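Visitor: Got a minute to walk me through this one? I'd like to start with a helix.
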Amino acid sequence: MNEFSQFNEQSEIQFITKLNEVEIYLLREDQIHPNISGNKFRKLKYNLEAFKNGNYSAMLTFGGAYSNHIAAVAAAGKEFSIPTIGIIRGEELESKYQENPTLQLASQNGMKLEFISRSEYRNKSNPEFLEILKEKFGNVYILPEGGTNEFAVKGCEEILGQHTKEYNFIACPMGTAGTISGIIRSCNDKQTILGFPALKNADFLREEIQQWTSKSNFDLILDYHFGGYAKITPQFIDFLNEFTQKYNVNLDPIYSGKMMFGLLNLVKQNFFPAKSKVLAIHTGGLQGIKGINQQLIQENKAIIR
Ligand SMILES: *Cc1c(COP(=O)(O)O)cnc(C)c1O
């Protein structure tokens, strides 16, 4: 793994605040690599290795217009000289993807973008559809949307280590639940993992986790999605900007920001026993801020600083 081990394998831990006798820290996974952000680097690491060990023509994956996963796969492709193909949801984007910061950078990083309709996109994990893609693009290594597979979960086990042993609670934002599943696998018996889903009605994610691990020392906090995936409110933007001012850390508005808002609320409600030490995982995703700000400017609203 020499090729990929040039990066910080252990992220730094930053003290954030002490509130109601509870200490909050942030694991700066966002700093793991300048272009392959946070948990997406963890999820790609063993997939990149499998790619290099196989005889594949390109790495192919799926995503929406602002996807951190698309951004990370494209950046990794550039970094490790791997051809990449992105199957993007929404035909209408084809003529204007240069206006989208995520897709523009992905394309600059050498990713071939293929736009498909929303209805076609629903087949993204259908084996017959994947066969059609292989016929079209050759012997491609296929990663699912969001990048979660066994290699991804294995990579996320490495988020925790010696440096994280002393924390009683670990907070983690959730999309597909791949990241938190790796963390649940590698945490110790004295730790409780709290998942903060970025989407509404996310109770089903409990079963997703159980697909990857039989351990049960976790709980989901379902109330901090702000209306749904990628939905943001002016109150939430204010929170993000105040947090950045106070602690000198940018949070991404889709995942880590919502987790931190929820976590601070739980502390205020005395959810945690006194003297608890809570470690929140900053999973990265800061590339998404540009796209969100573009939309906020169009709507004449305050932006993320
Ligand atoms: C993708 C992503 C997540 C969600 O990770 P899952 O493994 O899908 O649960 C969390 N935070 C950030 C910044 C992400 O980009």
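Guide: Sure. Take H10, in what is a predicted model. Its buried residues are Ser 256, Gly 257, Lys 258, Met 259, Met 260, Phe 261, Gly 262, Leu 263, Leu 264, Leu 266 and Val 267.

Visitor: How many of the 13 residues is that?
Guide: 11 of 13 are buried, so H10 is mostly covered.

Visitor: What covers the buried residues of H10?
Guide: The cover includes strands E1 (13–19), E2 (22–28), E7 (169–174), E8 (192–197) and E10 (277–282), plus H9.

Visitor: What span should H10 have, and what is the distance between its end C-alpha atoms?
Guide: At 1.5 Å a residue, the 13 residues (256–268) should span 18 Å. The end C-alpha atoms are 18 Å apart, which agrees.

Visitor: And what follows H10?
Guide: Asn 270, with a positive phi near 55 degrees.

Visitor: Switching to aromatics. How many pairs are there?
Guide: The structure holds 17 aromatic pairs. Take Phe 239 and Phe 243: ring centres 6.0 Å apart, planes at 45 degrees, so the pair is tilted.

Visitor: Where do Phe 239 and Phe 243 lie?
Guide: Both are in helix H9 (residues 234–247), 4 residues apart, about one turn. Residues three or four places apart in an α-helix point the same way, because there are 3.6 residues a turn.

Visitor: Is Phe 239 buried or exposed? What about Phe 243?
Guide: Phe 239 counts as buried at 13% relative accessibility. Phe 243 is buried too, at 2%.

Visitor: Which aromatic cluster are they in?
Guide: One formed by Tyr 224, Phe 226, Phe 236, Phe 239, Phe 243, Tyr 247 and Phe 261. Phe 261 is also one of the buried residues of H10.

Visitor: Last thing: which charges sit over rings?
Guide: Among them, the charged end of Arg 89 sits over Tyr 121, 5.4 Å from the ring centre. Lys 154 lies over the face of Tyr 46, at 4.4 Å from the ring centre.

Terms used:
Residues numbered from 1 in each chain as written. Predicted model: local features only at pLDDT ≥ 70, side-chain atom pairs only at ≥ 80, totals over all residues. Heavy atoms only, no water. Phe/Tyr/Trp six-rings, centres within 6.5 Å; stacked < 30°, edge-to-face > 60°. Helix = DSSP H or I, 4+ residues; strand = E, 2+ residues; numbered from the N terminus. Buried < 20%, exposed > 50% of the residue type's maximum accessible area, 1.4 Å probe, protein only. Lys NZ or Arg CZ within 6 Å of the ring centre and 35° of its normal. Expected span 1.5 Å × (residues − 1). Contact = heavy atoms within 4.5 Å.
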